[in-house]
Structure formats: structure tokens, C-alpha cells
Amino acid sequence: MLHPIDRERQIIYCDRAIEVRPLGLREAPALFDAVRQSMQAISQWEAWCTPDYSLVDAKLFLQRAIEQWQVHAAYDFNIIDRTNDLVIGSVAVNQVSQLNQMANLGYWIREGYTGRGIAAVAARAAAAFAFAKTGLTRLEIVAQAGNLRSQRVAEKTGATLECLARNRLVFHGEPRDATVFSLVPSDLGRPVPVHT
């Protein structure tokens with residue numbers, strides 16, 4: 001049985017430049033701004049990111065993130081630039097399957113902040129959180145076959161490329177091939193959780 005994890009106290013990574021933590025509803029405008037500034041890059045790969053993405057969508061996402069956290073269905077974190085409190089990306093452990101002790105690990109970075117290794121740092125922090133706090137034993141990073149940036153991030157996290165899976169994702173109604181990477185606790189030097 002999973003015990004509650006205090007969402008408000010989950011700063012999962014912090015250094016001089018960035019902090020990775022859940023956002024509250026009051027921070028919806030900051031999240032909305034980050035998505036809007038990165039619309040062109042994110043929308044190539046993420047179906048939720050459309051030209052009509054609005055502040056209401058950001059608020060609904062944050063409300064859903066809080067609700068999903070409470071039922072152990074997903075754990076969403078945002079990446080904050082500590083010098084200016086700007087939201088510069090997001091990382092999430094979602095699509096949780098308690099039965100199989102696995103979940104998806106996803107991420108995106110705001111335009112102007114890509115290519116600095118931020119996504120890999122945040123993804124490793126989210127993976128460490130998942131393995132230490134949730135009892136998960138496997139995370140999958142699934143990236144469309146053409147999304148080379150996301151694949152490079154997966155490699156930098158230490159994830160193992162397992163396959164190119166045919167029709168693994170549906171993007172705007174069309175099946176797409178995707179690369180599937182995996183992370184397990186030993187990839188981060190952690191023991192495998194024992195479930196009794």
C-alpha cells in the first residue's frame with residue numbers, strides 16, 4: 001500500500017541555477033507563459049500543445065496534476081530558473097501502473113534553455129524520486145522516432161534503448177513509431193524496492 005507523499009514538500013532537485021518542484025494553481029500564468037514561448041518546438045511532438053493552448057488549460061493541468069498526485073497516478077514537476085523564478089520546463093512520472101510497478105517519464109524544456117543538460121538533470125531527479133518514494137521499479141521514456149532531442153536526453157539520463165516500437169504512440173489521431181528507453185533503480189545506483 002502506498003503512503004501519502006506530501007506534494008508541497010517535494011523539491012526533488014536544487015542547485016544554483018535550477019529547482020525542480022511541483023507548481024501550485026497560483027503559478028498557472030508562469031506555466032502558460034513557458035508553454036506559449038515554446039509552442040513551436042513542443043507542438044511537433046506533444047499533442048496537448050496546440051495553438052489554442054490557454055491559461056485555462058494551464059490551470060486545468062495543474063488541478064489535474066494535484067488530483068493525480070493524491071491518488072498516485074502521476075507526479076508532475078516543473079523546472080524553475082532560480083535567478084528569475086521563470087518556469088523553464090517540466091518533467092513528469094505519469095501513466096503509473098501500480099500492478100506492474102512502472103510508469104512513463106516525460107519532459108520538455110522552454111525555448112532558449114535547451115541544449116544545457118537541464119532536461120537530463122530533471123529527468124534523473126524525477127526518476128530518483130519515483131524509485132525512492134513510489135515503489136516503482138521501471139520507468140519508460142517513449143519518444144517519437146523523429147524526436148532526436150528527446151532521445152539524446154534519454155541517453156544522458158543513463159536510460160537503455162530497448163527498441164523502436166511500431167505504432168507505439170498516437171499523435172493527432174495518427175499512429176507513430178517511437179523509441180522506447182527504460183530506467184530501472186540500478187541505473188541510478190539504487191536498490192530495487194521490495195514489495196511485501
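# Exercises on a predicted fold

Leaving aside neighbours within four places in sequence, Asp81 is in contact with Ala17, Leu86, Ile88 and Tyr113, where contact means heavy atoms within 4.5 Å. The structure is a predicted model, in which local features need pLDDT of at least 70 and side-chain atom pairs count only at pLDDT 80 or more, while totals for chains, interfaces and linings use all residues. Residues are numbered from 1 along each chain as its sequence is written, and side-chain values use heavy atoms, with hydrogens and water left out.

## Exercise 1: the surroundings of Asp81

Work out in which element Asp81 lies, whether Asp81 counts as buried or exposed, and which side chain makes a polar contact with the side chain of Asp81.

Step 1. Asp81 belongs to strand β3; helices (H or I, at least four residues) and strands (E, at least two) are DSSP runs, numbered from the N terminus.

Step 2. The relative accessibility of Asp81 is 8%, and therefore Asp81 counts as buried; the term buried stands for under 20% relative accessible area, exposed for over 50%, and partly exposed for what lies in between (1.4 Å probe, protein chains only).

Step 3. The side chain of Asp81 makes a polar contact with that of Tyr113, at 2.8 Å. A polar contact is a pair of N or O atoms within 3.5 Å; within protein, one must be able to donate a hydrogen and the other to accept it, and residues adjacent in sequence count only if both atoms are side-chain atoms.

Step 4. Along the chain, Asp81 and Asp15 are 66 residues apart, yet their C-alpha atoms are separated by 10.0 Å.

## Exercise 2: the sheet and its pairings

Establish in which order the strands form the sheet, and which of them are the edge strands.

Step 1. The sheet is open and has 8 strands in the order β1-β2-β3-β4-β5-β6-β8-β7, with mixed pairing; two strands pair if DSSP finds at least two bridges between them.

Step 2. β1 (13-14) and β7 are the edge strands, each pairing on one side only.

Step 3. β3 and strand β4 (residues 86-97) run antiparallel and are joined by 7 bridges, and within this region Ile80 has Val87 in β4 as its bridge partner.

Step 4. Strand β7 (residues 160-171) and strand β8 (residues 174-183) also run antiparallel, with 8 bridges between them, and Ala165 stands opposite Ala178 in β8.

## Exercise 3: the two sides of helix α3

Find out which residues of α3 are buried, and why they line one face of the helix.

Step 1. Helix α3 (residues 55-70) consists of 16 residues, and the distance from its first C-alpha to its last is 23 Å, close to the 22 Å expected; the expected span of a helix is 1.5 Å times one less than its number of residues.

Step 2. The buried residues in α3 are Ala58, Leu62, Ala65, Ile66 and Trp69. Viewed down the helix axis, the buried residues of α3 fall within an arc of 95°, so they line one face; the arc is that of the directions from the helix axis to the C-beta atoms.

Step 3. Val56 and Gln70 are exposed and sit on the face of α3 turned away from its buried side, whereas the cover over the buried residues includes α1 (28-37), β3 (75-81) and α4 (118-133).

Step 4. At the N-terminal end, Ser54 caps α3 with a side-chain oxygen that lies 3.3 Å from the backbone nitrogen of Val56.

## Exercise 4: helix α1 and Arg110

Identify which residues are buried in α1, and which residues Arg110 touches.

Step 1. Ala28, Leu31, Ala34 and Val35 are buried in α1. Because these residues cover an arc of only 125° around the axis, they lie on the same side of α1.

Step 2. Among the elements that cover the buried residues of α1 are α3, β3, β4 and β5.

Step 3. Arg110, found in the loop between β5 (102-109) and α4, has a relative accessibility of 7% and so counts as buried.

Step 4. Not counting residues up to four places away in sequence, Arg110 touches Asp33, Ala34, Gln37, Ser38, Leu86, Val87, Ile88 and Gly89.
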